[in-house]
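Trainee: I'm new to this one. Can you walk me through what's in front of us?
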Amino acid sequence: MSERNLRGSRLGGASLESESGVEPAERQQVTYHCPNGHTITVPMSVEADVPPLWECRCGAEALRADTDAPEKKAGKPARTHWDMLLERRTIAELEVLLDERLELLRSRELIKRSA
């Protein structure tokens, strides 16, 4: 019997709640200007923290119309493989390792040439 009751109800298809008595949040229109000449208007809540930058459809960062550009944050430079190597070994140790590897490679070349 219970299967018959669910047959025509389209579970998940429609909400059973009504929108009577529901008031949408107050909104403001925030305008951003892209350096490529685009203008973007974004609806946001009045209570929202409005960011000074917004990504434009062209990929550039658009600046809010009534603000100045924020200061760039100083970022860390990327650590390279060489930087990480120098954290583990000194230059003198690296020179010794290089000499050992070069000697090994040269000795293998001599064996291959004589064979």
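Trainee: Which residues make the nonpolar surface patch?
Mentor: Trp82, Leu86 and Ile91 make it. The patch covers about 290 Å². Keep in mind that this is a predicted model.
Trainee: Where does Trp82 sit?
Mentor: In helix H2, which spans residues 81-88.
Trainee: And why does Trp82 count as partly exposed?
Mentor: Because its relative accessibility is 45%. Partly exposed lies between the buried limit, under 20%, and the exposed limit, over 50%.
Trainee: Let's move to charges. Which residues gather in the patch of negative charge?
Mentor: Glu95, Asp99, Glu100 and Glu103. They gather on the surface.
Trainee: What element holds Glu95?
Mentor: Helix H3, residues 91-114.
Trainee: How accessible is Glu95?
Mentor: Its relative accessible area is 47%, so Glu95 is partly exposed.
Trainee: How many salt bridges does a search of the whole structure find?
Mentor: The search finds 2. In one, the side chains of Asp66 and Arg64 meet, with N to O at 2.8 Å. Another joins the side chains of Arg79 and Glu87, at 3.1 Å from N to O.
Trainee: Is Asp66 buried or exposed?
Mentor: Exposed, because its relative accessible area is 58%.
Trainee: What about Arg79 and Glu87, buried or exposed?
Mentor: Both Arg79 and Glu87 are exposed.
Trainee: Let's step back to the whole chain. How many helices and strands are there?
Mentor: The chain has 3 helices and 4 strands.
Trainee: What pattern do they follow along the sequence?
Mentor: It reads α-β-β-β-β-α-α.
Trainee: How much of the chain counts as buried?
Mentor: Of its 115 residues, 10% count as buried.
Trainee: Now the inside. Which residues are in the largest nonpolar core?
Mentor: That core has 10 residues. They are Val30, Tyr32, Cys34, Ile40, Val42, Met44, Val50, Cys56, Ala60 and Ala62.
Trainee: Which elements give two or more residues to this core?
Mentor: Strand E1, residues 27-33, and strand E2, residues 39-45.
Trainee: Which gives the most?
Mentor: E2 does, with 3 residues.
Trainee: Tyr32 is in that core. How far is Tyr32 from Glu61 in sequence and in space?
Mentor: Tyr32 and Glu61 are 29 residues apart in sequence. In space, the two C-alpha atoms are 9.2 Å apart.
Trainee: Where does Glu61 lie?
Mentor: In strand E4, residues 61-64. Glu61 counts as partly exposed, because its relative accessibility is 47%.
Trainee: What about Leu63, which element is that in?
Mentor: Leu63 lies in strand E4 too.
Trainee: How accessible is Leu63?
Mentor: Its relative accessible area is 24%, so Leu63 is partly exposed. Leu63 does not count as buried, because buried means under 20%.
Trainee: How far apart are Leu63 and Leu53?
Mentor: In sequence, 10 residues separate them. From C-alpha to C-alpha, Leu63 and Leu53 are 4.8 Å apart.
Trainee: Let me check my notes. Trp82, Leu86 and Ile91 form the nonpolar surface patch. E2 gives the most to the largest core. The salt bridges pair Asp66 with Arg64 and Arg79 with Glu87.
Mentor: Good. Add the pairing of Glu95, Asp99, Glu100 and Glu103 in the negative patch, and your notes cover the main topics.

Note on methods
Residues numbered from 1 in each chain as written. Predicted model: local features only at pLDDT ≥ 70, side-chain atom pairs only at ≥ 80, totals over all residues. Heavy atoms only, no water. Patch = residues over 30% accessible without salt bridge, like charges linked within 9 Å, V, L, I, M, F, W, Y side chains within 5 Å. Areas by Shrake-Rupley, 256 points an atom, 1.4 Å probe, with all protein chains shown as cover. Salt bridge = Lys/Arg side-chain N within 4 Å of Asp/Glu carboxyl O. Lys, Arg positive; Asp, Glu negative; His and termini not counted. Charge placed at Lys NZ, Arg CZ, Asp CG, Glu CD. Buried < 20%, exposed > 50% of the residue type's maximum accessible area, 1.4 Å probe, protein only. Core = buried A, V, L, I, M, F, W, Y, C linked by side-chain atoms within 4.5 Å.
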